[in-house]
Amino acid sequence: MLHKNKDNEAIAVFEILVRENQDMLMTYLRAVVRDKSIYDDLFQETMLVVWQKLADYDRSRPFGPWLRGIAGKIVLAHLRKAKNDALLVNAETLEYLSGQLHHISENSGDTWDEKTEVLTFCIKALPDNHRQAVKLRYFQQMPVSNIAETTKTSTEAIKKRLQRARSQLLDCLRRKNVVMEITS
Amino acid sequence: MTAEPNKPENNDIDIDELTSKWFDSGPDEYQIDEYSEIICEKMDSEKLRQTADLQLVNSMLIQLADKDQVAKERQIQNVLNNVKNSCTASSQFGNATHSKFYCYTRPLIRYAVAAVLIVSITFIVTQMSTNTAMAAIDKMMAAINNAVDRTYSIMVEGNRENRQQQSRRNSQGRREQGQRADLDGATLYLRGTNQFVLYRQTSRDRTLINGGDGQTRWMIRPDKTVFTSSDPEAFKIPMPKELAAILTLDFKATLQHIRDHYKVKFIEDIYDD
């Protein structure tokens with residue numbers, strides 16, 4: 001009975017960790033894996049490994065990097081099998097992204113949404129046609145071809161708008177110190 | 001010698017173009033060439049980081065747009081269910097871990113008492129009085145209330161040969177003979193009202209394992225994929241037809257049903273085991 005109670009306590013603590021890190025880990029996975037259908041599988045696999053290795057976790061160190069370290073290994077194992085996803089990701093990229101996410105996690109705010117709310121401000125600051133492309137692409141999840149049809153524009157023009165919009169958003173996030181500047 | 005396709009060099013790589021393909025192409029349009037693994041190698045660190053930053057922005061946008069709280073909660077609940085069912089559980093962030101066997105057998109126990117009891121009571125035919133059998137059922141139901149972990153060996157007596165022949169006739173043309181495991185000789189581990197593990201042997205002396213923890217059921221077969229299901233009716237143990245109709249997930253209710261509706265007889269040697 002005592003053992004069971006301890007297990008329940010451990011699971012309760014673990015649930016807090018999962019909730020606190022859910023959005024961050026999903027951001028990480030979505031950054032490095034293209035196939036939407038497996039985000040959740042990788043999330044589940046990562047969390048299960050984290051649970052199984054929790055005894056190895058050094059509590060004097062931040063949890064996020066340790067979690068992303070495990071996720072990174074799982075992602076790389078996935079990418080070795082799914083070549084179409086492997087285009088833009090390697091171990092260096094994963095480590096770099098983990099550093100960026102660590103930087104974001106140190107921003108003010110209790111939740112991931114609060115830590116990244118500057119992004120909303122940056123979207124509002126985009127030129128109208130860029131903002132419209134972003135909203136249709138991400139918030140209404142429209143394919144580029146549909147956006148082109150809706151806005152009576154060519155698909156190439158929409159792709160360019162999205163490219164520029166993402167670059168502008170990145171500049172904005174750097175200016176606001178949400179993400180770090182690249183240092184050589 | 002075949003002509004090698006042109007490989008992109010660092011300076012040739014247009015990051016915006018590359019990321020646009022990755023972010024904005026539909027599944028049918030998305031055809032990353034055979035350089036998919038080469039591109040990272042060909043990019044210097046700065047370009048890799050520029051690319052990674054754009055991937056991060058893309059991901060933050062997806063995350064910002066994802067307002068499906070139900071899906072998020074479901075994701076967390078799936079993690080917790082996986083953790084509860086995992087075979088190596090951390091214990092309070094300490095070093096204690098449970099063995100795989102323990103983890104599989106642990107979540108399982110009281111259910112089977114009922115199944116064993118049902119098999120014993122209904123099939124094992126002897127000359128004991130009805131009152132004694134009723135008292136035995138009462139004891140079993142009390143045992144369920146006490147949540148005692150139990151292990152049972154199942155013996156099926158009676159017209160076993162007839163049932164095997166029947167089973168062969170039924171399965172003819174559907175599955176290879178001898179694959180089906182019999183309950184006779186099976187071992188059942190029980191815990192609580194809905195947790196069990198059942199080990200059965202096929203006629204080829206291979207082991208089949210069924211289990212359930214009240215939420216998930218699984219079946220492990222030799223050299224085959226492990227099945228899991230949240231359907232409480234999944235992977236039904238091949239009970240004799242005359243028993244199948246009365247088995248429910250609530251063993252106590254099942255026992256009560258047997259007590260109320262069946263003529264039962266008591267087998268002393270089984271009960272003493």
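The following exercises, each with a worked solution, deal with a predicted model of a structure with chains A and B.

Because this is a predicted model, local features need pLDDT of at least 70 and side-chain atom pairs count only at pLDDT 80 or more, while totals for chains, interfaces and linings use all residues. Residues are numbered from 1 along each chain as its sequence is written, chains are lettered from A and ligands numbered from 1 in the order in which they are written, and side-chain values use heavy atoms, with hydrogens and water left out.

**Exercise 1. The fold of chain A**

Describe the secondary structure of chain A and the burial of its residues.

Solution. Begin with the elements, where helices (H or I, at least four residues) and strands (E, at least two) are DSSP runs numbered from the N terminus. Chain A has nine helices and zero strands, and its pattern along the sequence is α-α-α-α-α-α-α-α-α.

Next, take burial, for which buried means under 20% relative accessible area, exposed over 50%, and partly exposed in between (1.4 Å probe, protein chains only). Of the 184 residues in chain A, 49% are buried. The accessible surface, from the Shrake-Rupley method with a 1.4 Å probe, is about 9400 Å² for this chain, and carbon and sulfur atoms account for 49% of that surface.

Finally, look at contacts, meaning heavy atoms within 4.5 Å. Among those in chain A that link residues at least 6 apart in sequence, 58% are between residues at least 24 apart.

**Exercise 2. The interface of chains A and B**

Determine how many residues each chain brings to the contact, and which elements of chain B take part.

Solution. First, count the residues: 74 come from chain A and 61 from chain B. The buried area, which is the accessible area (1.4 Å probe) that two parts lose on being put together, summed over both, is about 6500 Å², with 59% given by carbon and sulfur atoms.

Second, count the polar pairs. A salt bridge is a side-chain nitrogen of Lys or Arg within 4 Å of a carboxyl oxygen of Asp or Glu, and six of them cross the interface, whereas a search of the whole structure finds eight over all chains. A polar contact is a pair of N or O atoms within 3.5 Å; within protein, one must be able to donate a hydrogen and the other to accept it, and residues adjacent in sequence count only if both atoms are side-chain atoms. By this rule, 23 residue pairs across the interface are in polar contact, both residues being at pLDDT 80 or more.

Third, assign the chain B side to its elements: helix H1 (15-24), helix H2 (38-42), helix H3 (45-65) and helix H4 (69-85) each give two or more residues to the side that touches chain A. The largest share, 20 residues, comes from H3(B). By class, this side of chain B has 23 nonpolar, 24 polar and 14 charged residues, where Ala, Val, Leu, Ile, Met, Phe, Trp, Tyr, Cys and Pro count as nonpolar, Asp, Glu, Lys and Arg as charged, and the others, Gly among them, as polar.

**Exercise 3. Salt bridges between and within chains**

Locate the salt bridges of A:Arg166, A:Arg174 and A:Arg131, and state whether the residues are buried or exposed.

Solution. Start with A:Arg166, whose side chain meets that of B:Asp24 in a salt bridge (2.7 Å, N to O). This pair runs from helix H9 (residues 155-175) of chain A to helix H1 of chain B; A:Arg166 is buried at 2% relative accessibility, and B:Asp24 is buried at 3%. H1(B) itself is mostly covered, with seven of its 10 residues buried, among them B:Trp22, B:Phe23 and B:Asp24.

Continue with A:Arg174, which forms a salt bridge with B:Asp53 at 2.7 Å between the closest N and O atoms. Here helix H3 of chain B holds B:Asp53, and helix H9 of chain A holds A:Arg174. B:Asp53 is buried with a relative accessible area of 0%, and A:Arg174 is buried at 16%. Elsewhere, salt bridges that share partners join A:Glu15, A:Arg19 and B:Glu73 into one network.

End with A:Arg131, which pairs with A:Asp128 at 2.7 Å between the closest N and O atoms. The two are three residues apart in helix H7 (residues 128-139) of chain A, and therefore separated by about one helical turn. A:Arg131 is partly exposed at 22%, whereas A:Asp128 is exposed at 56%.
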